[in-house]
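This briefing looks at how charged side chains are placed and paired in one protein. Please keep the sequence and the structure in view while reading.

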Amino acid sequence: MDLLIEKIKQSLNTELIRIVISNPRRAEDIKKYDIRPVLIRDRLLFQSAAYTKTQVFHENLEKEELEAKLTEVLPRYKQVLMKTVRGDVNALINKKGKAAVKIIRNTSKTQSAPVNLSHNRKKKYILEEGKPVPFLVDLGVMTAEGRIVRSKYDKFRQINRFLEFIEDIVPHLAKDREITILDFGCGKSYLTFAVYYYLRELRGYDVNIIGLDLKKDVIAKCSRLAAGYGYDHLHFYEGSIEEFEGVKKVDMVITLHACDTATDYAIYKAVHWGAEVILSVPCCQHELNGQFQNEDFGPVANYGILKERFSALATDGIRAALLEAVGYDTQILEFIDMEHTPKNLLIRAVKGKTLSQGKWEKAEDFCRQFHFTPTLKTLLEKETKECK
């Protein structure tokens, strides 16, 4: 361990690329630390990103602060990777705190590129700036030369952020058969086209994607665009989430900003079809706001805006808990920065193996406290009874 710490301390300079500390020994610890050097007002600092199951926490540390933090943290983890301009250091740490250190030196005759230490370094997007993507041009996000239209830059970031979520769940999708994906409430279909382009054109997956929306003119336009690009496995239909019965088996269900209980119907449909992945960005969670009853919560219930926000958070919390109960590993993640859209929570659920009666009962107990009767709970209870 002393050798590892010494090697890291020697590398805390402008030649450091990154340090990744992973594989914690205890389930309650931070899942991963990702550390890189940054220059802020000409001061060399080290930005630490600490990943929990659902969040990322950033802090900028002085060299001495980072050294102290590493001395404390490293014994609780099993693996360390450090990349520098001069080479890599890999270390495996056993239960006794002894580190097996492997040093891989950079023997290339060409000088390594200098490390970009800018705190606001340009982000590398999945869909890159400067490379025209046909559907982004036609939807007004890009110019024909691949430049991002200034007024659409937030939309460009949102699309790429969503593709990062898709990238994370790709290992859960079958590679040896056609994958069916449904996008409920697809609207202008920025993200529907992006998912198709990413999975089929960039990753080579055999996908069949269906976009569903109530607006006839929007569906007509999206259908014309898909046909024009030769996207033969991308289809758009007019219809509602509740009534759609066009498929029997679905691999992924996407629902973005489906208003109020429309999100519940979409999630229910996904569970009913046994979807491997559910990605949902809820919108306008009004249902529980009208049901809220709890005298002990007077300081919240007496103020409309607080009651509304609490009810919205409770709605999504209950949805996540119910998904856990019916066998999905579920996270609630930030979709995009708050300043770009207030609809910034994404529910990501990946199908697991076991149901959890205990989690269902906890969701029920919470609902009883406030006299909540969520639509998703009612739909899933009906599904359970019909299956018996």
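Does E164 count as buried or exposed, judged by its relative accessibility? At 18% relative accessibility, E164 counts as buried, since the cut-off for that class is under 20% relative accessible area. The model is a predicted one, and the points below move from the protein as a whole to its surface charges and then to its salt bridges.

**Overall architecture**

- The protein contains 11 helices and 14 strands, and its C-alpha trace spans about 65 × 55 × 45 Å along the principal axes.
- Of the 388 residues in the protein, 46% count as buried, while the accessible surface comes to about 20900 Å², with 49% of that surface belonging to carbon and sulfur atoms.
- When contacts with a separation of 6 or more are considered, 65% of them are accounted for by residues 24 or more positions apart.

**Charge distribution**

- The protein has 60 positive and 54 negative charges, and the mean positions of these two sets are 6 Å apart.
- A surface patch of positive charge is formed where K188, K215, K221 and R224 gather.
- Within that patch, K188 is placed in the loop that runs between β8 (179-184) and α5 (190-202), and K188 counts as exposed because its relative accessibility is 53%, where the class requires over 50%.

**Salt bridges: the pair R161 and E164**

- The count of salt bridges in the protein comes to 21, and one of the pairs is R161 with E164, whose closest N and O atoms are 3.0 Å apart.
- Both partners belong to helix α4 (residues 153-169), and because R161 and E164 are 3 residues apart there, about one helical turn separates them.
- The partners fall into separate burial classes, as R161 is partly exposed with a relative accessible area of 28%, whereas E164 is buried at 18%.

**Salt bridges: the pair E128 and K131**

- The side chains of E128 and K131 also meet in a salt bridge, with an N to O distance of 3.6 Å.
- In this pair E128 is partly exposed, with a relative accessible area of 28%, and K131 is likewise partly exposed, with a value of 48%.

**Salt bridges: K377, E364 and a network**

- K377 is found in helix α11, which covers residues 375-387, and K377 is buried, its relative accessible area being 14%.
- Once neighbours within four places in sequence are left aside, the residues in contact with K377 are L322, W360, E364 and C367.
- With E364, K377 also forms a salt bridge between side chains, at 3.8 Å from N to O.
- Because K377 lies in helix α11 and E364 in helix α10 (residues 357-370), this pair ties together parts that are 13 residues apart in sequence.
- E364, the acidic partner of K377, is partly exposed, with a relative accessible area of 22%.
- Elsewhere, salt bridges that share partners join R26, E28, D29 and R76 into one network.

Terms used:
Residues numbered from 1 in each chain as written. Predicted model: local features only at pLDDT ≥ 70, side-chain atom pairs only at ≥ 80, totals over all residues. Heavy atoms only, no water. Helix = DSSP H or I, 4+ residues; strand = E, 2+ residues; numbered from the N terminus. Buried < 20%, exposed > 50% of the residue type's maximum accessible area, 1.4 Å probe, protein only. Contact = heavy atoms within 4.5 Å. Areas by Shrake-Rupley, 256 points an atom, 1.4 Å probe, with all protein chains shown as cover. Lys, Arg positive; Asp, Glu negative; His and termini not counted. Charge placed at Lys NZ, Arg CZ, Asp CG, Glu CD. Patch = residues over 30% accessible without salt bridge, like charges linked within 9 Å, V, L, I, M, F, W, Y side chains within 5 Å. Salt bridge = Lys/Arg side-chain N within 4 Å of Asp/Glu carboxyl O.
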